[in-house]
Structures are given as structure tokens and as C-alpha cells.
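The following exercises concern the charged side chains, the backbone and a pocket of one protein. Please consult the sequence and the structure while working through each solution.

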Amino acid sequence: MALSRPNWRVEAAQANERQTCQTFLAPASPIFALAKLEDPEAAQANGVRHSRQKLVNWSPATYPRVSTVPVEFRDLRWAIVASKHRSLRQAAEALRIKQPTLSRGLRNLEYRLGVTLFKRTNGGTRPTVEGQEFLEAARRFVDETEAITVRGKNRSRGESGRLTIGIHTSLSAGNLRATLIEHRHRFPDVDRQLVDGPSDHLISDLASSAIDVAFVAGLSPRWSDRSLLLWSERVVAALPANHPLTGRDVIHWGELRHESLLMSQRGPGPEFLKLLDSKLGSSDPCPLVRHDVVLDRLLSLVGVDWGILLVLESATGAVYPGVTFREVHDAEGPTRLSLRAYWRQDNANPSLRPLLDLLRERYPDISAAPDAS
């Protein structure tokens, strides 16, 4: 019987296959890959041969590592949770997933990293030395990423960030003080920056986007963007304690005609000057002493008998030595100035909207009024 000539190509292929299988089954291989995959195409995309029988070990000497495949954030979280429990079953229950799903995810992560993260025994699953080092770094990364995510969500909802507020009145009492206190209580992570000044300066700052919102007494003819009519405040005269007008319950405008009035170049000083002109019917109704200082400085000057100061009732919440407050009336009763909130419609600061919503929530009667454009 004639002997067939050996096919050296076939023999070489068989020998190579035997060597490859022995290498795949080597117990010392550090890289694990899951051969039982539900989707053969997914297995091929991950560089894993498809099999339906068992888990095999892949050797880096015979199969390239898939180092370019990104690690899923979910897999990091799963690995961290698995390291906190005594078994994969408990970890899967904590994650509310099936145990085989978790086991496949961890082995896939190990394959991608080229590191054995967990030692699996009958007594449970424990991180290896390499796994402990990796998990420490993973915890820092996950914690920082989740913190960034929370900060981003809070920022988009206006619960953090910076809000610059222009104020035109005192904050010792009144609705504006109560609103800012409530806003700080609800949104403690918002950095509120307050800017003081006359109405013209605040409107200019608003137009240039230097501030986000301005609370101003009276209607500003220079503003054509968004505004919301708020509450009104009574006009009050701050008198020296020994002044004759302190003996009256209220003061009428005519009684101020010959008094020396302190006038601030900040706050609602220009609005008070307009009131004096209209109530007393004169462009020079009474002697005015102008000072470019903040309100508390002027109130201190009232206490040492330097003159009378017109303020809004929100300034009456603080006590100043030698100062007495009396309402200023006209023929119809207490004189009032309305306050408005002004802002730019194109303001993209997320922290602005919660403040405006809070105003409408706290004062539903005034918020029912339409915005003025």
C-alpha cells in the first residue's frame, strides 16, 4: 500500500493549534476573558473567541491586550461595590442586578485592564493586591466625578454659583431683607454679592451685566428691559431725639420746608428729592446738605443733630442713638415709594430665576401684576 506524502502545512497548523490551546488553558495566565457571550459579534469586537462551554484564560503572549477599549464608569462602580461585600451575590443585590451580569462585568473589566482585581474562592470574593490599588484610585475618581456632576446639576438649577444683587434701600427691616434671608436659607451654596448705589448707577451696572438684578425704588425711565413691580414702603423722617417734630405722631411735608435735610448721593436720595419738589411745589424746597456716605453714617449724623434724613421704612429696623423715626404724610395719608426688581431678559445666570420665583411665591398679590417691558 502506497504511503501518502505528509502535508507539512497541515501538520504545522495542527501543531500551532495544540500549542495555542495549551497556552489558553495555562493556569498562570493573569488576564481573564469571558468566552460565554450571548452575542458572538460583541465577543469578536472585544477580541474574545466565542464559545458556549466555559471560561478560559487568555495569555498576553499569544493574544494582544485590548488596551485601547475605554473602561466603563459603571464597571468602576460595580467593582467598588463588589469590594465592599463578602460575595458577588450580596454585591449584585446591592446593585439590583443579576449575579451573572455582575460577574461578567468584573471579568470584562479585568480583561480590559490586564489585571486580576479579585480573588475568587469558596469563601467569597476579595480584592487582590493589585485590585486594592486600583480600587483606591477608582474610588477617588468616582467620588470626584459624582461631586462634579452634583455641582453641575445644582449650578444649572440655580442652586449654586454667584448672584450679584444691586440694592437701593436698607436691609435692617422689610420685605427685601426677609426675601434675602429666605433665599440664603433655601440656596446656601449661592454666593450672593451685594452692590449699593443710586438708581442710575444700578441701572447702568445692570445694562453692562455687572450685576444680575437690581432692587430700585421708583420707576426708572432709562430701563426698557424686564422689571417686576414689588411692594411699596412708607417714607419716614429720621429726627434728632430733641427735635420739636418728635412730639408729633406723623409729619406732613409742609413742616419740612425750612428744615435742614441730609441728602445721600446713594440709595433713594434722588427719589426723595423728586418727592420734595412735588410735595412742596418748589425746585429748592428746603436746605439740603449732601454727603457721599452710606445710610448708617447719615443716621449717625442725625443722632448728633446735623439735620433730618428721609428714609424708607426698611431703615427703621436698627436702633441709632439719638434718632427718632416718624412717618411722613400728605393729604391722602402715608407717602409711599414702590420698589421694583430690574433684570435683563438675556441674563443666562441660572441663579437669577430662583430668586425671581421666590419673590412671586412670597408675595403672590404683587406677583399677579404683569411684568413691565
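## Exercise 1: A bridge between two helices

Glu-361 is partly exposed, with 47% relative accessible area. The model under study is a predicted one.

**Task.** Determine which elements are tied together by the salt bridge between Glu-361 and Arg-186.

**Solution.**
1. The side chains of Glu-361 and Arg-186 form a salt bridge with an N to O distance of 2.5 Å.
2. Glu-361 belongs to helix 11 (residues 352–362) and Arg-186 to helix 7 (residues 175–186), so the bridge ties together parts that are 175 residues apart in sequence.
3. Arg-186 is partly exposed, its relative accessible area being 35%.

## Exercise 2: A bridge from a helix to a strand

**Task.** State whether Glu-110 is buried or exposed, and identify the parts that its salt bridge with Arg-120 ties together.

**Solution.**
1. The closest N and O atoms of Glu-110 and Arg-120 are 3.2 Å apart, and the two residues form a salt bridge.
2. Since Glu-110 lies in helix 5 (residues 99–113) and Arg-120 in strand 3 (residues 118–121), the pair ties together parts that are 10 residues apart in sequence.
3. The relative accessible area of Glu-110 is 0%. Buried means under 20%, and Glu-110 is therefore buried.
4. Arg-120, with a value of 27%, is partly exposed.

## Exercise 3: Salt bridges in the whole structure

**Task.** Find how many salt bridges the whole structure holds, and which residues are joined into one network by bridges that share partners.

**Solution.**
1. The search of the whole structure yields 14 salt bridges.
2. One of them pairs the side chains of Asp-296 and Arg-297 at 3.1 Å, N to O. Asp-296 is partly exposed at 30% relative accessible area, and Arg-297 is likewise partly exposed, at 48%.
3. Arg-234, Glu-313, Glu-327 and Arg-336 are joined into one network through salt bridges with shared partners.

## Exercise 4: A buried acid without a salt bridge

**Task.** Glu-271 is buried yet has no salt bridge. Establish which side chain is joined to that of Glu-271 by a polar contact.

**Solution.**
1. Glu-271 is located in helix 9 (residues 269–280).
2. The nearest side chain of opposite charge is that of Lys-274, 5.1 Å away. A salt bridge requires the nitrogen and the carboxyl oxygen to be within 4 Å.
3. A polar contact of 3.0 Å links the side chain of Glu-271 to that of Ser-199.
4. With neighbours within four places in sequence left aside, the contacts of Glu-271 are His-168, Ser-199, Ala-217 and Leu-337.

## Exercise 5: Positive phi outside glycine

**Task.** Locate Ser-209 and Asp-305 in the fold.

**Solution.**
1. Ser-209 is not a glycine, yet has a positive phi of about 65°. Ser-209 sits in the loop between helix 8 (199–207) and strand 7 (213–217), and is partly exposed at 48% relative accessibility.
2. Asp-305, also not a glycine, has a positive phi of about 65°. The loop between helix 10 (295–303) and strand 12 (308–312) contains Asp-305, which is partly exposed at 46%.

## Exercise 6: The second largest pocket

**Task.** Determine which element supplies the largest share of the lining of the second largest pocket.

**Solution.**
1. The second largest pocket holds about 330 Å³ of space.
2. Its lining comprises 24 residues, with Thr-169, Ser-170, Gly-267, Pro-268 and Leu-295 nearest the centre.
3. At least two lining residues come from each of strand 10 (261–264), helix 9, helix 10 and strand 12.
4. Strand 12 supplies the largest share, 4 residues.

Definitions and conventions
Residues are numbered from 1 along each chain as its sequence is written. This is a predicted model: local features need pLDDT of at least 70, side-chain atom pairs count only at pLDDT 80 or more; totals for chains, interfaces and linings use all residues. Side-chain values use heavy atoms; hydrogens and water are left out. Buried means under 20% relative accessible area, exposed over 50%, partly exposed in between (1.4 Å probe, protein chains only). Lys and Arg count as positive and Asp and Glu as negative; His and the chain ends are not counted. A polar contact is a pair of N or O atoms within 3.5 Å; within protein, one must be able to donate a hydrogen and the other to accept it, and residues adjacent in sequence count only if both atoms are side-chain atoms. Contact means heavy atoms within 4.5 Å. On a 1 Å grid over the protein atoms alone, a cavity is a set of points where a 1.4 Å probe fits but cannot get out, and a pocket is an open set with protein on both sides within 12 Å along at least five of seven lines; lining residues have an atom within 4 Å of a point. Grid points are joined across faces, edges and corners, and a volume is the space filled by probe spheres set on the points.
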